[in-house]
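Here are my notes for anyone opening this entry cold. Have the viewer ready and follow along point by point.

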Amino acid sequence: AKSAGKNGFRFYSRAMDHAVERRAHMEQELRGAWERGEVSVVYQPIGRTSDGRILGAEALLRWQHPELGTISPAAFIDVAEQSGLIDQLGPRVLRQACQDAAHWARECGGEPPFVSVNVSPRQLRHGELPGIVAECLAESGLPAGCLHLELTETALISDELQAGVLLTRLHGSGVKVWLDDFGTGFSGLSHLRRVPVDGLKIDRSFIADMQRDPDDLALTSAIVAMAHSLGITVVAEGVEKQAQRDLLAGLGCDLIQGYWLGHPLAAGELLARLSARS
Ligand code: C2E
Ligand code: CA
Ligand code: CA
Ligand code: CA
């Protein structure tokens, strides 16, 4: 596939066939991956911008394929979504994340940490999510306020009315609603009126360029100010450098996530970071 560019059209279409084949193959492999123990959940710390204190974590899927090695969800979430496999995977991540976070809360002392779980558009489209969430909270004992659901704009647009109803119900039960990848879509602002939003995550593309691109800095600053005037908490994603943290602290951004604070960790490692806080 690497030589496709040099060899013109024939290879381009062959590369496309190849991509279709790869998707089909991936779907097949993904089916049963959880049962085979190849899929796990890791947790990336989220901390206070002012002093780096870790307050929670985002649950991220990892697929350890026997031959291909670790595959990022960026490469398989689409396949899981389109094939419907997310209907099984999504609730499993949610259940696992609630159990792990409830365990951290019992072990680490101090204020109970939150766990943030990604919800895909498809999970919002059918009405089962509130029931599944209620079940996971009840069986783990995790307080509803410690569970954050991360939604992208795509999830909201795909069926705005249904999504609005579901999210209002979830929010009413105490679960926090977060907008993911904020700033990359087209209508981010209108959602803030229609959907109960507790927090938003500024997409890491803004953070990456913030130091050289004055527009990105201005946009980040405006997002923080706007969110705060609406009573919404702000997380900056993809914070890799001290200088970025310093800029964000100056803007009053509440929370940060990124390699500077920590890479995604196994549940036990995250507990160690939480326990070392005080
Ligand atoms: P996301 O929600 O934007 O998650 C953040 C991604 O950025 C993660 O990639 C994380 O490892 C990466 N990241 C974190 N800090 C940094 C940093 O400082 N620099 C850079 N360059 N990257 C950083 P990951 O784990 O590969 O996940 C990719 C995407 O897959 C996620 O993007 C999310 O949209 C999706 N995803 C992950 N887990 C789940 C899940 O359980 N369910 C659903 N529906 N989607 C998931
Ligand atoms: Ca996310
Ligand atoms: Ca994100
Ligand atoms: Ca830019």
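Which residues are the protein donors of the calcium ion (ligand 4)?

1. Bear in mind that this is a predicted model. As for the calcium ion (ligand 4), its protein donors are Asp213 (OD) and Asp216 (OD), at 2.5 to 2.8 Å from the ion. Asp213 is partly exposed, with a relative accessible area of 25%, whereas Asp216 is buried at 11%. The cut-off here is 20%: anything under that counts as buried.

2. Now go to the calcium ion (ligand 2). Four residues coordinate it, namely Glu58 (OE), Asn118 (OD1), Glu150 (OE) and Asp180 (OD), at 2.2 to 2.3 Å. Along the chain, these donors follow the spacing E-x59-N-x31-E-x29-D. Take Glu58 and Asn118: Glu58 sits in strand β2 (residues 54-65) and Asn118 in strand β4 (residues 114-118), so this pair links distant parts of the chain, 60 residues apart. Glu58 counts as buried at 5% relative accessibility, while Asn118 is partly exposed at 32%.

3. Have a look at Asp180 too. Besides binding the calcium ion (ligand 2), Asp180 bridges that ion and the calcium ion (ligand 3). The two ions lie 3.9 Å apart.

4. Next, the interior. The largest nonpolar core has 75 residues, and those with the most contacts inside it are Tyr43, Trp104, Leu124, Leu147 and Leu200. Helix α4 (residues 86-108) gives the most to this core, with 10 residues. There is also a second, separate core of six residues, Ile46, Phe114, Val235 and Leu255 among them. As background, nonpolar side chains in soluble globular proteins tend to be buried together.

5. Leu124 is a handy place to explore that larger core from, being one of the residues with the most contacts inside it. If you skip its neighbours within four places in sequence, Leu124 is in contact with residues including Val119, Leu129, Leu151, Ala155 and Leu156. Gln162, Ala163, Leu166 and Leu167 are also in contact with Leu124.

6. How many aromatic pairs does the structure hold? There are two. In one, Tyr43 and Trp104 meet edge-to-face, 4.8 Å centre to centre and with 85° between the planes. Tyr43 belongs to strand β1 (residues 39-48) and Trp104 to helix α4, so the pair ties together parts 61 residues apart in sequence. Tyr43 counts as buried at 0% relative accessibility, and Trp104 does as well, at 1%.

7. The other pair is Trp63 with Phe76. Their ring centres are 5.5 Å apart and the planes are at 85°, so the pair is edge-to-face. Trp63 lies in strand β2 and Phe76 in helix α3 (residues 73-83), so this pair ties together parts that are 13 residues apart in sequence. Both Trp63 and Phe76 are buried.

8. Last, helix α12 (residues 242-251). Which of its residues are buried? They are Gln244, Arg245 and Leu248. These cover an arc of only 100° around the axis, so they sit on the same side of α12. For background, an α-helix has 3.6 residues a turn, so residues three or four places apart point the same way. The buried residues of α12 pack against α10 (204-209), α11 (214-229), β8 (233-236) and β9 (255-257). After α12 comes Gly252, with a positive phi near 80°.

Notes: Residues numbered from 1 in each chain as written. Chains lettered and ligands numbered in written order. Predicted model: local features only at pLDDT ≥ 70, side-chain atom pairs only at ≥ 80, totals over all residues. Heavy atoms only, no water. Donors = N, O, S within 2.8 Å, 3.2 Å for Na, K, Ca; no water. Helix = DSSP H or I, 4+ residues; strand = E, 2+ residues; numbered from the N terminus. Buried < 20%, exposed > 50% of the residue type's maximum accessible area, 1.4 Å probe, protein only. Core = buried A, V, L, I, M, F, W, Y, C linked by side-chain atoms within 4.5 Å. Contact = heavy atoms within 4.5 Å. Phe/Tyr/Trp six-rings, centres within 6.5 Å; stacked < 30°, edge-to-face > 60°. Arc of directions from axis to C-beta.
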